[in-house]
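Subject: Structure handover

Hello,

Please find the structure below, followed by notes on what was found in it. The notes go place by place, so they can be read with the structure open.

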Amino acid sequence: MANLYIAYDDVYLDWNLGSFGYTHPTNPIRALHATRLLAEALPNNVTVIKPKATEGDRDRLHLVHASSYISDVLDLGISNEWHPANTKLGRTALEMFAGTVRCAEKILSGEAQVAFNPQGAKHHAAYDSSSGFCVFNDMAWAALHFNAKGAKVMYIDWDAHHGDGVENLLADDPDLVTCSIHDATIFPGTGLDGHTPELGIYNWALDPASGDDVFIRAMGEIEQLADTIKPDVVLLATGADAHKTDPLSTLQFDYPGYDYAARAVGRIASSYADGRLLIGGAGGYQPCDHTPLIWSKVVSAAHDEISIFV
C-alpha cells in the first residue's frame with residue numbers, strides 16, 4: 001500500500017476570517033473532519049505530520065510572492081482577507097503554507113507517495129496580493145520547487161472557481177502544466193479562453209449546472225493530456241465547492257464524479273510519477289458534512305488507485 005501523509009495541526013483552527021466564531025465560508029473545522037475521516041478510512045496507512053512553520057518557510061515564500069507583500073501579512077498582519085490587521089491570521093496563513101512544504105518534503109524524500117494538506121491549495125493568491133480567501137500560494141510554490149528538483153509537474157484543479165493564481169504564477173514555463181475545471185460564470189471570471197498549450201495552460205470553463213458527465217469528460221481529456229505530458233509529479237487542488245449542494249457554485253458535481261476524477265488522477269500519478277501525488281483541499285463551503293467527506297473520499301480513492309501499482 002502507498003504511504004499517505006497528512007499535514008494537520010489544530011493551529012489550522014485559528015483560520016477564522018469571520019467576526020463572530022466560525023461564521024466565514026472557509027470554516028477550518030473542515031480540515032479537522034477530513035483528517036479524522038481519513039485516519040478512520042486508512043488506519044494503517046496514514047501518518048499525520050505537523051506543519052511547524054519556520055523562518056525557512058517564510059524564506060520559501062519569496063519564490064512566489066513579493067517581499068513587501070510577505071512583510072505586510074506576517075509583520076503587520078495586513079491582508080485583503082481580513083480587517084482590521086491581525087498578525088495571528090498572518091501566522092496561520094504561513095502554517096497552512098508550511099503544511100504543503102512538509103508534504104512536498106515527504107514526497108521528495110520517498111517517505112510518501114501521496115500527501116494531503118486539507119488547508120492547502122490556496123489557488124487564488126497572487127504575486128503581490130491575496131484573493132478569494134487565499135493568502136500564500138502553496139501549490140505554485142510546490143510546482144516550482146519540484147521543477148527545480150528536475151521534475152515535470154502537472155497541476156490539476158477541480159474547484160468551482162478558476163485556479164487563476166497558480167496559472168498566472170506558473171505561466172512562464174510550459175513544463176509546469178496547469179489544468180483547471182471550473183464554473184465559467186463566477187469569481188474570478190478568468191480561465192475562459194480554453195487551452196494555451198505553448199504556455200502549458202489548459203482550462204475547462206463549464207456552463208452553469210454542469211454535472212458529473214461533463215466533469216468525467218474533462219477528466220478523460222486530462223488523462224489523455226497526461227499521456228503526452230508524462231509528468232514526474234502530480235499536484236491536485238480538490239475543491240469540493242462544485243458539489244451540487246454547495247452554496248457558492250451552480251455546478252452539479254456529485255460523489256460518483258469525484259470518485260471517477262480521483263481515480264483518474266491516481267492512474268496518472270501511477271503511470272508516470274511513481275505514485276507521487278500532492279493534494280490540497282482548496283474550496284468547499286459545507287464544513288461539517290460534504291466538504292470534508294468529499295476531500296477524504298477523493299484522497300482515499302486516489303490513494304487506493306496508486307496502491308494497486310506502487
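This is a predicted model. Counting enclosed spaces of 30 Å³ or more gives 2 cavities.

**The cavities**

The largest cavity has a volume of about 50 Å³. Its lining is made up of W15, A93, M96, F97, Q119, G120, K122, F133, C134, V135, F136 and D138. By class, that lining has 8 nonpolar, 2 polar and 2 charged residues. Helix α4, residues 87-109, contributes the most to the lining, with 3 residues.

The second largest cavity holds about 40 Å³ of space. Around this second cavity are Y155, H162, G163, E167, T178, C179, S180, Y202 and N203. The classes here are 3 nonpolar, 5 polar and 1 charged. Two strands, β5 (176-183) and β6 (201-206), each supply at least two of the lining residues. Of the elements in this lining, β5 gives the most, with 3 residues.

**The largest pocket**

The volume of the largest pocket is about 160 Å³. It has 17 lining residues, and those nearest its centre are H124, G132, F133, G283 and Y285. F133 also belongs to the lining of the largest cavity. Sorted by class, the pocket lining comes to 7 nonpolar, 6 polar and 4 charged residues.

**H303**

H303 sits in helix α9, which covers residues 290-307. Is H303 buried or exposed? With a relative accessibility of 0%, H303 counts as buried, since the cut-off for that class is under 20%. Leaving out residues up to four places away in sequence, H303 touches M1, A2, L4, L42, N45 and V114. With A2 there is also a polar approach: a polar atom of the H303 side chain lies 2.6 Å from the backbone oxygen of A2.

**Helix α7 and what lies on either side**

Helix α7 runs over residues 212-229. It has 18 residues and spans 25 Å from its first C-alpha to its last, close to the expected 26 Å at 1.5 Å a residue. Which residues of α7 are buried? They are D212, V214, F215, A218, M219, G220, I222, E223, L225, A226 and I229. A general point helps in reading that list: an α-helix has 3.6 residues a turn, so residues three or four places apart point the same way. The cover over the buried residues of α7 includes β4 (153-158), β5, β6 and α8 (255-272). Both β5 and β6 were met above, in the lining of the second largest cavity.

Ahead of α7, in the loop that comes after β6, is A209. This residue counts as exposed because its relative accessibility is 51%, and the cut-off is over 50%. A209 and L251 are 42 residues apart in sequence, yet their C-alpha atoms are 4.5 Å apart in space. Setting aside neighbours within four places in sequence, A209 is in contact with T250, L251 and Q252.

After α7 comes K230, whose phi is positive. K230 is placed in the loop between α7 and β7 (233-238). Its class is partly exposed, because its relative accessible area is 45%.

**Backbone angles to check**

Most residues other than glycine have a negative phi, and most peptide bonds are trans. The places below depart from that.

- K230, already mentioned, has a phi near 55°, and this residue is not a glycine.
- K52 likewise is not a glycine and has a positive phi of about 50°. It is found in the loop between β2 (46-49) and α2 (55-60). With a relative accessible area of 60%, K52 is exposed.
- The peptide bond from H83 to P84 is cis, with omega near 0°. P84 belongs to the loop between α3 (67-75) and α4, and α4 is the helix that gives the most to the lining of the largest cavity.
- The peptide bond from F187 to P188 is also cis, again with omega near 0°. P188 is located in the loop between β5 and β6.

Regards

Conventions. Residues numbered from 1 in each chain as written. Predicted model: local features only at pLDDT ≥ 70, side-chain atom pairs only at ≥ 80, totals over all residues. Heavy atoms only, no water. Helix = DSSP H or I, 4+ residues; strand = E, 2+ residues; numbered from the N terminus. Buried < 20%, exposed > 50% of the residue type's maximum accessible area, 1.4 Å probe, protein only. Polar contact = N/O pair within 3.5 Å; in protein donor to acceptor, adjacent residues only side chain to side chain. Contact = heavy atoms within 4.5 Å. 1 Å grid on protein atoms, 1.4 Å probe; cavity = no way out; pocket = protein on both sides within 12 Å on 5 of 7 lines; lining within 4 Å. Points joined across faces, edges and corners; volume = space filled by probe spheres on them. Nonpolar A, V, L, I, M, F, W, Y, C, P; charged D, E, K, R; others polar. Expected span 1.5 Å × (residues − 1).
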